[in-house]
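Hello,

Here is the structure I promised to hand over to you. Please have a look at it first, and then read on for what was found in it.

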Amino acid sequence: MSAVLPTYSRYALEVSHGEGVTLVATSGERYLDFAGGIAVNVLGHAHPRLVAALTEQAGRLWHTSNLYRIPGQERLAERLCAASFADLAFFTNSGAEAIECSLKMARRYHHVSGAPERYRIVTFEGSFHGRTLATIAAAKQKKLVDGFGPMMDGFDQVPFGDLAALEAAIGPETAGILIEPIQGEGGIRVVPAADLAAMRTIADRHGVLLLLDEVQCGMGRTGRLFAHEWAGITPDILASAKGIGGGFPLGACLATAEAAKGMTAGTHGSTYGGNPLAMAVGNAVLDVLLEPGFLEEVVRKGQFMRQGLAALEDAYGDVIAEVRGQGLMLGLKLHVPNGEFIGAMLGEHILAVPAGENVVRLLPPLIVGEDEMREALARIERACKASRAARAATPPAAEQAANA
């Protein structure tokens, strides 16, 4: 029996090492990694520039705490701000911590603005913002909150895509609106650009802040540095993580100077956040993402994958119900159980991630090549055939009992 707390349902796969888009099991079998560490490994595995940056830094300095200046932190903050809407950055170890910082910042903004009664945040059904007590209270999903009550007060949830409900939910105690431009865990649900623009307008009209959770959809995943850029809007606060460290634990809360005006010395902190190791890797990741043409290539690759998946949807309409997503954040809504389909993909040596609404997420490293995408599509097609054959071999009564 493992001594690890049993909070994960793990696949029977033990990885030895990674090479670009490939993971190699201890058995020697090779897998195409279209899970990407759940959108973390934006530059694949063992990228030479990340390995070099981390190795060089590890030989000099690991940690000093935030009691002292950290040059790499100042450099990464300046670069992220220069490439985005933001004026300031706070570094964390994870996405949940970046969201926590965002929520505290929104409350603090209204506190120092003379409206301390404004502390509530409007969130959306199907959202996922992390697994701390505050972030599960924000998401309000039963599977996240069950057994962990009482929940933290201060969150009002409205249906996804319902702008009228959003505006109706805003009251004199509302501090902000929190939304993922693309819901990942919720099933690769893309917020239309017009809706994001409307939310910006609604936030401004009511004097509340617009908070974006780009933990999964940011850092080049959609072909822009941040997904909201496709809508031509800017948020007040943005939480980033996952891809920002390329596999090293790192998150960031980015904000305008106005939104961050309440975050003065002593109001927030982190022991490890922004340490030299994380900053060396974060800067190396950004070096690659901001190279001329890199993000344009993500757009092209995303279109290539989407066209291939759409062809599979046409051919296997009894298995694939819908292709969703943007860039290299893609999803397959299925007629068959997503867990069963991921099992079929695993049999074809390609990895993916389950999501809500019976969706399978495809989140390959952004460095994926065209040959690898062709091979992935071929393996997904074989998984479709296997799922079709399994359904054909399952008597309807038995299938109903299995799904009951």
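Let me start with a single pair of residues: Phe-91 has Ala-252, in strand 12, as its bridge partner. Before going further, please note that this is a predicted model, in which local features need pLDDT of at least 70, side-chain atom pairs count only at pLDDT 80 or more, and totals for chains, interfaces and linings use all residues. Residues are numbered from 1 along each chain as its sequence is written, and side-chain values use heavy atoms, with hydrogens and water left out.

**The seven-stranded sheet**

That bridge belongs to the pairing of strand 4 with strand 12 (residues 251-255), an antiparallel pair joined by five bridges. Two strands are said to pair if DSSP finds at least two bridges between them. Strands (E, at least two residues) and helices (H or I, at least four) are DSSP runs, numbered from the N terminus. Along the same pair of strands, Ala-89 sits opposite Leu-254 of strand 12.

Strand 12 also pairs with strand 11, in the antiparallel sense and over four bridges. Here Leu-238 has Leu-254 of strand 12 as its bridge partner.

How is the whole sheet ordered? Its seven strands follow the order 4-12-11-10-7-5-6, in an open sheet with mixed pairing. Strand 4 (88-92) and strand 6 (155-158) are the edge strands, each pairing on one side only. From one strand to the next, the twist averages 20 degrees.

Helix 4 (residues 95-112) packs on this sheet and touches strands 4, 5, 6, 7, 10, 11 and 12. The direction of helix 4 makes about 165 degrees with that of strand 11. Contact here means heavy atoms within 4.5 Å; angles run from 0 to 180 degrees between N-to-C directions, with axes fitted to C-alpha atoms, for helices over the stretch in contact.

Why is strand 12 described as largely enclosed by the rest of the structure? Because five of its five residues are buried, where buried means under 20% relative accessible area, exposed over 50% and partly exposed in between (1.4 Å probe, protein chains only). Gly-251, Cys-253 and Ala-255 point one way from the strand, while Ala-252 and Leu-254 point the other way.

**The four-stranded sheet**

There is also an open sheet of four strands, in the order 1-2-3-15 and with mixed pairing. Strand 1 (15-19) and strand 15 (350-351) are at its edges with a single partner strand each, so one side of each has no neighbour in the sheet. Strand 2 and strand 3 (residues 30-33) run antiparallel and are joined by three bridges; in strand 3, Tyr-31 is the bridge partner of Leu-23.

Thr-22 is in strand 2 (residues 22-25) and is buried, with a relative accessible area of 13%. Not counting residues up to four places away in sequence, Thr-22 touches His-17, Arg-30, Tyr-31 and His-45. Helix 12 (residues 370-393) lies across strand 3 and strand 15, at about 105 degrees to strand 3.

**A pocket and a cavity**

The second largest pocket has a volume of about 330 Å³. On a 1 Å grid over the protein atoms alone, a pocket is an open set of points with protein on both sides within 12 Å along at least five of seven lines, whereas a cavity is a set where a 1.4 Å probe fits but cannot get out; lining residues have an atom within 4 Å of a point. This pocket has 16 lining residues, of which Leu-88, Ala-89, Phe-90, Met-263 and Thr-264 lie nearest its centre. Strand 4, helix 4 and strand 12 are the elements giving two or more residues to the lining, and strand 4 has the largest share, three residues.

How many cavities of 30 Å³ or more are there? The count comes to one. Its lining is made up of Ala-39, Val-42, Val-215, Gln-216, Gly-218, Arg-221, Ala-241, Lys-242 and Gly-243.

**One more residue to look at**

Gly-187 is in the loop between strand 8 (182-183) and strand 9 (189-190), and counts as buried at 0% relative accessibility. Leaving aside neighbours within four places in sequence, Gly-187 is in contact with Arg-324, Ala-355, Gly-356 and Val-359.

Best wishes, and enjoy exploring!

Notes: Grid points are joined across faces, edges and corners, and a volume is the space filled by probe spheres set on the points.
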